[in-house]
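Trainee: I would like a close look at one helix of this model and at what surrounds it. Please take it slowly, and then set it in the context of the whole chain.

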Amino acid sequence: MRLLPFGQKLQNHALNNRMNEEFRKFFPDVQHQPIIRDLKTKRYWINDNLLKVPVGDKYVNIAKTIIEIIDAYVEAKRLAFDEFIAYISSLAKISEDNTEKAIRFIKQQLQTNVDARVFEIVSYAILKAHYADAVIYWGWNPEQLNKENLMLYKTGRTNANDGGIDFVMKPLGRFFQVTETLDFRKYFLDIDKIQRYPITFVIKTEMDEKKIYEQLRTNAQAVYGIKKIVDRYIASIEEVINIQKLMNIFVEQIKRSKIKEIMEEIVVQSRVEFNY
């Protein structure tokens, strides 16, 4: 799997735990698990007992056919990603006067049904450009202040176990988490991971900002029953950024002639994310 395109950074836990647990969830009565490990060699193997299909009075191992299907799928994904990279690379070269294609592309990527990884990358590129214009003055005494632009850093890949921190802002130290769920348990878990440090959620939803807070609070209140506990969690949410707010920010960046900068950042982050 690691030799396949985009597979170099696959993590072991995705193989030795998550897949087997997911399989057990849907097939609790099956005695075999999909992935087994040779304790001597420390290598992982696909359990081919699950690949033997009854045909008439005998069993046929469909492993080779499955591999052919996977190879065809990988090739299709590779070609699609080649086209994706080529397209956004071409958009990065367009003149500032021809913005319609870029706007259309960004709108397509800021949809509820778009790939989560692409949504995170596009969100990061927009927010990075947005915050870069803000200046902060700080120092150890009033007479010697440092002037510094806000800088947003992408702290990991979309599938990394990084404690719920996707972006970090310097020098303010703001934390950002990108999510596509409105399940309050996920939000509160991320807040607990960083011990209720203030965190901004970038949410792949078109729901109104006020309604997001209302839904989180109402559902949490129904489970916890104690308003003070819910208030402490909600107070840890520094800001929520939904799709509409992202689009508004992007439109503002168009006025500041930052389309080329945003597109180039999307190209860079896409190559990093997909090991391209």
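Mentor: Start at the end of the helix. Just after α5, Gln 195 takes a positive phi of about 55 degrees. Arg 196, in the loop between α5 and β10, also has a positive phi, near 60 degrees, and is a residue other than glycine. With a relative accessible area of 32%, Arg 196 is partly exposed. Keep in mind throughout that this is a predicted model.

Now the helix itself. The buried residues of α5 are Phe 184, Tyr 187, Phe 188, Asp 190 and Ile 191. They lie on the same side of α5, because the arc they cover around the axis is only 155 degrees. That buried set packs against three strands and two helices, namely β9 (174-179), β10 (199-203), β11 (237-241), α6 (209-224) and α7 (227-235).

Asp 190 is the charged member of the set, and it has a partner. A salt bridge joins the side chains of Lys 186 and Asp 190, with 2.7 Å from N to O. Both belong to helix α5 (residues 184-193), and because they are four residues apart, about one helical turn separates them. The general background is short. An α-helix has 3.6 residues a turn, so residues three or four places apart point the same way. Side chains of opposite charge can pair when their charged atoms come close. The two ends of this bridge differ in cover: Asp 190 has a relative accessible area of 1%, so it counts as buried, while Lys 186, at 29%, is partly exposed.

A comparable pair is found in another helix. Arg 78 and Glu 75 form a salt bridge whose closest N and O atoms are 2.6 Å apart. They sit three residues apart in helix α2 (residues 63-92), again about one turn. Here both partners are partly exposed: the relative accessible area is 28% for Arg 78 and 35% for Glu 75.

Return to the surroundings of α5, where β11 is one of the elements its buried residues pack against. Glu 239 makes a salt bridge with Lys 245, at 3.1 Å between the closest N and O atoms. Both Glu 239 and Lys 245 are buried. Through shared partners, salt bridges link Glu 239 and Lys 245 with Arg 174, Glu 209 and Glu 238 in one network. In total the structure holds 21 salt bridges.

The strand β9, also packed against by α5, is preceded by a backbone feature. The peptide bond from Lys 170 to Pro 171 is cis, with omega near 5 degrees. Pro 171 is located in the loop between β8 (167-170) and β9.

Further along the chain, Ser 257 is another residue that is not a glycine and yet has a positive phi, of about 60 degrees. Ser 257 belongs to the loop between α8 (243-255) and α9, and at 46% relative accessible area it is partly exposed. Within helix α9 (residues 259-273) lies Gln 269, which is buried at 14% relative accessibility. The side chain of Gln 269 makes a polar contact of 2.9 Å with that of Glu 265. Leaving aside residues up to four places away in sequence, Gln 269 touches Ile 121, Tyr 124 and Lys 154.

At the other end of the chain there is a surface feature. Met 1, Leu 4, Ile 66, Ile 69 and Ile 70 make a nonpolar surface patch of about 430 Å². Met 1 is placed in the segment before α1 (12-26) and is exposed, at 59% relative accessible area.

Last, the whole protein. It contains nine helices and eleven strands. Along the principal axes, its C-alpha atoms fill a box of roughly 85 × 55 × 35 Å. Of its 276 residues, 35% count as buried. The accessible surface is about 17,000 Å², and carbon and sulfur atoms account for 54% of that. Of the contacts between residues at least 6 apart in sequence, 55% join residues at least 24 apart. The packing of α5 fits into that picture through its buried residues, which pack against elements including β9 and β11.

Note on methods
Residues are numbered from 1 along each chain as its sequence is written. This is a predicted model: local features need pLDDT of at least 70, side-chain atom pairs count only at pLDDT 80 or more; totals for chains, interfaces and linings use all residues. Side-chain values use heavy atoms; hydrogens and water are left out. Patches are made of residues with over 30% relative accessible area and no salt bridge: like charges are joined within 9 Å, nonpolar side chains (Val, Leu, Ile, Met, Phe, Trp, Tyr) within 5 Å. Accessible areas come from the Shrake-Rupley method with a 1.4 Å probe; for residues, only the protein chains shown count as cover. A salt bridge is a side-chain nitrogen of Lys or Arg within 4 Å of a carboxyl oxygen of Asp or Glu. Buried means under 20% relative accessible area, exposed over 50%, partly exposed in between (1.4 Å probe, protein chains only). A polar contact is a pair of N or O atoms within 3.5 Å; within protein, one must be able to donate a hydrogen and the other to accept it, and residues adjacent in sequence count only if both atoms are side-chain atoms. Contact means heavy atoms within 4.5 Å. The arc is that of the directions from the helix axis to the C-beta atoms.
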